[in-house]
Structure formats: structure tokens, C-alpha cells
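Colleague: I am new to this one. Could you walk me through a few of its features?

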Amino acid sequence: FAEEQFADGWFDVLLAKAPTSKLDELGTITELNQFGAIILDTYDCDRCDLVFRQLKAFAQSRPLILLRDDSSIFNRLRYSMADLPHATIIERVRDPYLGHWLESSGSTSQYESSPARTQWKQIRSILESNKVPSTPASAIGQVGQNSIQINYTPSQALTEVGEPVLIATSYHPNWQGQKSEVVYAANPMFMLVFVRDSTQLVFKRNQADRMAVWGSALTLTGLLGFAVFSYARKRVRGPARSPQAAES
């Protein structure tokens, strides 16, 4: 949908991607209320009862956009649409040419009517009719080599959800908030974070990264050791002698 938004040239509402696909790890209802709308494409959850209660509370005042699915949590939401006043179900349109060989030398379909663009037009219409004005946050940032300092003084009118700050840096999951702030990917060139006061984002390597670095270092050490051992072995043996023919 970020690609469709870019192709459409409509940026009135910023799209942010959740750092996880598990619905029960998206945070509390307060953290969900940081956003003006929620778009659900997948429905993976372990504590589905909790997810249902949170989404039901969210849909009382804000758009909840559900892409049709066969999961149990989606069906539970679908059967409860009467209790979700701001929820909308969007049908998934299957591409008729998906998985088939092209047998025509010309164009077989128009991208304007593709499933992705059709769904995006419906999502844009919902977001357009429910958007609310926002004011820029008076935050000042300083970007270091492995950290981003955000200086922000909250106003008296600041709510508990915090203030959204857009950071002109490519998203990476290793960015972590000093005060447990969640970092979202806004698009390939920006990150989004909600702040309540001054904070710092730090780029930290996780365990898999550290293991990969150590593995690379050990592999390089092994290769260098093998090269030194081979060179030393040749020096000890000396130059090879060619056999001489016996004199008659």
C-alpha cells in the first residue's frame, strides 16, 4: 500500500508499518490510539480474546479497515460488525492472471484495475473521509553515528499517547528507543516514533547480528591460518627437485 500511495501521489495520511505481525504484540489500547486508523492485512494472534477487545474499543471512534480473511479472529470481528461502528471490510480481489502463462503478445490487463490498486482506492476513500488536522511537533533532532537524539518539550495539552515525530532515516529493526518507544517504518526513507519528552534512539545489534559478526571473524581467522600454514609448510620442504636421467 505504501507503493500504491507513492504512485497515487496522495500523502495526506502517513502510513506506518507495525514492527510485528502478531496482533497481540502491537501494544495497549493507549498505544493503538496513537494512530488515526488501523489496516489489518494478516490476523496472527495467540491471545485473540485480548486482540478482539482492543480492536472493538478502537473501532468505537476510529476507522478499522479489515481485509477479508479466513482466520477465526476475522470471522469473530465480521460477525460483530454491529458493535464496530467504524469498521469496514474490504474484499480481496484475486488476480485472474496469477499463476497462468501469458499467451498474448499484447497487454492482458490494465494496472489501474489491479487488485492492489483497487484495494488501495477503497482504503484511501476511508482515510480521506476520516482524516483530522494535525499540527507539527516542535522537536529538534541530532543524528549521530549510532544514535538519534530527540529534544522535545511537551505542552500542557499533550495527551498520554505522545507526539508523532517523523525521522528522515531509513528504518531498521535494530533501532531501539531509550525509553522503550516503538519505532515504526513510515516508508523506505522515514521512521516514525511517538515521544512524550526528550529521548534517544540507539542502533543496537541483536544476538543474531553478534553471532554473524563472530562467525565472520572466525571464518576469516581460519582462512588466514590455513594460508600461513600452507606457506610455512612449503618453506620447510624447500624447492622441489626434478629427477635426473641415469647415465649409461
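Colleague: Is Lys 131 buried, partly exposed or exposed?

Modeller: Keep in mind that this is a predicted model. The relative accessibility of Lys 131 is 37%. Buried would need under 20% and exposed over 50%, so Lys 131 counts as partly exposed.

Colleague: Which residues are joined with Lys 131 into one network by salt bridges that share partners?

Modeller: Lys 131 forms a salt bridge with Glu 128, with their closest N and O atoms 2.9 Å apart. Lys 131 also meets the side chain of Asp 12 in a salt bridge, at 2.7 Å from N to O. That second pair links distant parts of the chain, 119 residues apart. The residues joined with Lys 131 are therefore Asp 12 and Glu 128.

Colleague: Arg 47 and Asp 24 also meet in a salt bridge; which of the two is buried, Arg 47 or Asp 24?

Modeller: Their side chains come to 4.0 Å, N to O. Arg 47, at 47% relative accessibility, counts as partly exposed. With a relative accessible area of 8%, the buried partner is Asp 24.

Colleague: Which elements do the buried residues of α5 pack against?

Modeller: Helix α5 covers residues 115-130. Its buried residues include Trp 120, Ile 123 and Leu 127. They pack against α1, β1, β2 and β3.

Colleague: And what is the phi of Ser 180?

Modeller: Ser 180 is found in the loop between β7 and β8. It counts as exposed, at 64% relative accessibility. Although Ser 180 is not a glycine, its phi is positive, at about 65°.

Technical notes: Residues are numbered from 1 along each chain as its sequence is written. This is a predicted model: local features need pLDDT of at least 70, side-chain atom pairs count only at pLDDT 80 or more; totals for chains, interfaces and linings use all residues. Side-chain values use heavy atoms; hydrogens and water are left out. Helices (H or I, at least four residues) and strands (E, at least two) are DSSP runs, numbered from the N terminus. The expected span of a helix is 1.5 Å times one less than its number of residues. Buried means under 20% relative accessible area, exposed over 50%, partly exposed in between (1.4 Å probe, protein chains only). Contact means heavy atoms within 4.5 Å.
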